[in-house]
Amino acid sequence: LIATDVALEIGCGTGLYSSVIAERVQHLTATDMSPEMLSKARARLQAYSNVVVESADAYQAKYAEQSFDVVFMGNVVRIVQEPVAVLREGHRLLKAGGRLLSIDYTTRGMSGMAQLRMAMRYLSRYGLPPRTMKEYRLDELVELVQGLEFEIRDAQVVTRETNVLCLCAIKNCVV
């Protein structure tokens, strides 16, 4: 992230990632479709003058094409019913050469006990996961994104307490 970036966060949830992003960009529009999540995000982000928190449809946002330098999706691809449609919308909203940043937790490759601990944390924080939730392998996520006119700059699995798929892609510029 760059200090001059105008960023969009699709699926901000409670604003946990938003506060980190807000400290690094010129402006952040943090969006979600859940009124409950937006209320929590507004409370968490009220001190940031460069942040707007608002409701937006991840599949068809109200913003003009090529409005953002960065689109961030934290734990979104795995929970939405149609991830390709959400990624396509992110592509539409990015300026030419703009960056898509995606992170998604996964239990793939974790021990049974680590998976159980992660499941318990999830249940205690968020309740039952959506029935549409799908866990991706890194190669599957890369394939989804590459199919939408993005160039992958970095893709890796960060393994600590949980496994996290981290992806950075650039919107291809059409000449």
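Which elements cover the buried residues of H5? The cover includes helix H3 (83-93), strand S5 (94-106), strand S6 (150-159) and strand S7 (163-171). This is a predicted model. The protein has five helices and seven strands. The points below go from the overall fold to single pairs of rings.

**Overall fold**
- Start at the N terminus and read along: the elements run β-α-β-α-β-β-α-β-α-α-β-β.
- The radius of gyration is 16 Å, close to the 16 Å that the globule rule gives for 175 residues, so the protein is as compact as a globular protein of that length.
- Along the principal axes, the C-alpha atoms fill a box of roughly 45 × 40 × 25 Å.
- Take the contacts between residues at least 6 apart in sequence: 62% of them join residues at least 24 apart.

**Surface, burial and charge**
- Of the 175 residues, 45% are buried.
- The protein exposes about 9,500 Å². Carbon and sulfur atoms supply 52% of that area.
- There are 20 positive and 20 negative charges. Their mean positions lie 5 Å apart.

**Helix H5**
- Helix H5 spans residues 138-146.
- Its buried residues are Leu-138, Glu-140, Leu-141, Val-142 and Val-145.
- An α-helix has 3.6 residues a turn, so residues three or four places apart point the same way.
- Both helix and strand help to cover the buried residues of H5: helix H3 is one of the covering elements, and strands S5, S6 and S7 are among them too.

**Aromatic pairs**
- A search of the whole structure finds two aromatic pairs.
- A pair of aromatic rings is described by the distance of the centres and the angle of the planes.
- One pair is Tyr-17 and Phe-72. Their rings are 5.5 Å apart, centre to centre, with 70° between the planes. This pair is edge-to-face.
- Tyr-17 and Phe-72 link distant parts of the chain, 55 residues apart. Tyr-17 sits in helix H1 (residues 16-22), and Phe-72 sits in strand S4 (residues 68-74).
- Phe-72 is buried, with a relative accessible area of 9%.
- Tyr-63 and Phe-68 form a pair as well. Their ring centres are 5.5 Å apart and their planes stand at 90°, so this pair is edge-to-face.
- Tyr-63 has 13% relative accessibility, so it counts as buried.
- Phe-68 has 5% relative accessibility, so it counts as buried.

Methods
Residues are numbered from 1 along each chain as its sequence is written. This is a predicted model: local features need pLDDT of at least 70, side-chain atom pairs count only at pLDDT 80 or more; totals for chains, interfaces and linings use all residues. Side-chain values use heavy atoms; hydrogens and water are left out. Helices (H or I, at least four residues) and strands (E, at least two) are DSSP runs, numbered from the N terminus. The radius of gyration is taken over C-alpha atoms; the globule rule is 2.2 Å times the number of residues to the power 0.38. Buried means under 20% relative accessible area, exposed over 50%, partly exposed in between (1.4 Å probe, protein chains only). Contact means heavy atoms within 4.5 Å. Accessible areas come from the Shrake-Rupley method with a 1.4 Å probe; for residues, only the protein chains shown count as cover. Lys and Arg count as positive and Asp and Glu as negative; His and the chain ends are not counted. The place of a charge is taken as NZ of Lys, CZ of Arg, CG of Asp or CD of Glu. Rings of Phe, Tyr and Trp (its six-membered ring) pair if their centres lie within 6.5 Å; planes under 30 degrees apart count as stacked, over 60 as edge-to-face and the rest as tilted.
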